[in-house]
Amino acid sequence: MERLNDDILHLPWYYEVEVAGTKPVTVSPISGERHRARIALVLSVLKAVAGGTLTQKRVLDLGCNAGLCGLECLSAGVSSYTGVDASHRAIAQAIYLFEDRNIAKERYHFVTSDIFEFMHKACGEQWDVVLALGIVHHLPWYRFFEFFEGVNTLCADILILDLVLATTSVAPAFQLFTRDTPHSQNPDGKIVIHPTKGALASLMGRLGFDAVIIKPCFPKTSAFADYHRGNRRFVVGCKKTRLDALASLQDDLGDMRLDGIPFKALVSACFRKVVKRIWHG
Ligand SMILES: C[S@@+](CC[C@H](N)C(=O)[O-])C[C@H]1O[C@@H](n2cnc3c(N)ncnc32)[C@H](O)[C@@H]1O
């Protein structure tokens, strides 16, 4: 066990963390700033919708990697955190990290599993909060809707997604995107789906979520270029909790509909959108 722990410490980590008194090598030089800001946003959104307190909330994190978001959720007071990831290394690092931070074992649980297998074995169990951050755009296109169906079954109330959206949109659509290389845990994921904001909001609505698309106020650095370009967003869906507290962070849905709109109105809407983009950067 000691031997495994030592190996885990010396393999590259996804997150920039301090663990066992050292800073292990990370896979990306910008990941520290980016992940800190993403996780801070998730926590502030959760606190805002939950009215300030997260006690009593059971959190499930799909594609949790080394569980960094879980550490923050637990220190914000959630009652339990379950992290699921297909990567043995990520889960071993998560366990190492949580033991290093002396987190009470009864407050967390890590599962090494593909998320779809986890969904099938969950047997009706539900969590108050489900996080799926940075994972949807890695899933093969033909599992996209299966993911939403499964996540809907697991989620009793709040769902937070962080995902890549379509770059262009003339109407709500689920666009196919070909990646250069599929994600290592999704070898079939060369072709993935990037939904437009409108398509995603409509899908979540059909599943019974009130949904808000969040435009994060991240620093204007290259670490956040995809969020600034507008093709990556956080999406918060709630089945019971009200979303009013997020009104100030809300992005416009922005997809332009072709159906039933006269051509002149469409061209002027396109023009307004381009001007708005240039004006607001
Ligand atoms: C880009 S990382 C995001 C990690 C974390 N959620 C975050 O946002 O910081 C994607 C994670 O999802 C895991 N993953 C990808 N596909 C998966 C799948 N089909 N089942 C389980 N885990 C998966 C990867 O191993 C990786 O740890």
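A residue is counted as buried if 20 or more other C-beta atoms lie within 10 Å of its own. By this criterion, buried residues make up 35% of the 281 residues in the protein, as computed from the structure, which is a predicted model. The secondary structure comprises 9 helices and 9 strands. Among the contacts in the protein with a separation of 6 or more, 69% are accounted for by residues 24 or more positions apart.

Strands of a sheet pair through backbone hydrogen bonds, and they do so in either a parallel or an antiparallel manner. In the protein, an open sheet of 7 strands follows the order β3-β2-β1-β4-β5-β9-β8, and its pairing is mixed. Strands β3 (108–112) and β8 form the edges of the sheet, as each of them pairs on one side only. From one strand to the next, the twist averages 15°. Helix α4 (residues 88–100) packs on this sheet, where it touches β2 and β3. The direction of α4 makes about 165° with that of β3.

Two pairs of strands illustrate the mixed pairing of the sheet. Strand β1 (residues 58–62) runs parallel to β2, and 5 bridges join these strands. Within this pair, Asp61 is placed opposite Gly83 of β2. Strand β2 (residues 80–85) is mostly covered, with 5 of its 6 residues buried. The second pair consists of β8 and strand β9 (residues 232–238), which run antiparallel and are joined by 5 bridges. Here Ile214 stands opposite Phe234 in β9. Strand β8 (residues 210–214), although an edge strand, is also mostly covered, since 4 of its 5 residues are buried.

Helix α7 (residues 197–206) contributes further buried residues, namely Lys197, Ala199, Leu200, Ala201 and Met204. These buried residues of α7 pack against four strands, β6, β7, β8 and β9. The helix is followed by Gly208, which has a positive phi, near 100°.

Two packed helices are described by the angle between their axes and by the distance between the axes. For helix α2 (residues 31–49) and helix α3 (residues 68–75), the angle is about 40° and the axes are 10 Å apart. Angles under 35 degrees count as roughly parallel, and those from 65 to 115 as roughly perpendicular; α2 and α3 are therefore oblique to each other. Their crossing is right-handed. On the side of α2, the contact is made by His35, Ile39, Val42 and Leu43, whereas α3 contributes Leu68, Cys69 and Glu72. By class, the residues of this contact are 5 nonpolar, 1 polar and 1 charged.

A link between distant parts of the sequence is found at Gln185, which lies in the loop between β6 (174–178) and β7 (191–195). Gln185 and Ala86 are 99 residues apart in sequence, yet their C-alpha atoms are 6.7 Å apart in space. Apart from residues up to four places away in sequence, Gln185 touches Ala86 and Ser87. Gln185 has 16 other C-beta atoms within 10 Å and is therefore partly exposed.

Key:
Residues are numbered from 1 along each chain as its sequence is written. This is a predicted model: local features need pLDDT of at least 70, side-chain atom pairs count only at pLDDT 80 or more; totals for chains, interfaces and linings use all residues. Axes are lines fitted to C-alpha atoms, for helices over the stretch in contact, and angles run from 0 to 180 degrees between N-to-C directions. Angles under 35 degrees count as roughly parallel, over 145 as roughly antiparallel, 65 to 115 as roughly perpendicular and the rest as oblique. A crossing is left-handed if the near helix is turned anticlockwise from the far one by less than a right angle, and right-handed if clockwise. Two residues are in contact if their C-beta atoms, placed from the backbone, lie within 7 Å. Ala, Val, Leu, Ile, Met, Phe, Trp, Tyr, Cys and Pro count as nonpolar, Asp, Glu, Lys and Arg as charged, and the others, Gly among them, as polar. A residue is buried if 20 or more other C-beta atoms lie within 10 Å of its own, exposed if 12 or fewer, and partly exposed in between; C-beta atoms are placed from the backbone. Two strands pair if DSSP finds at least two bridges between them.
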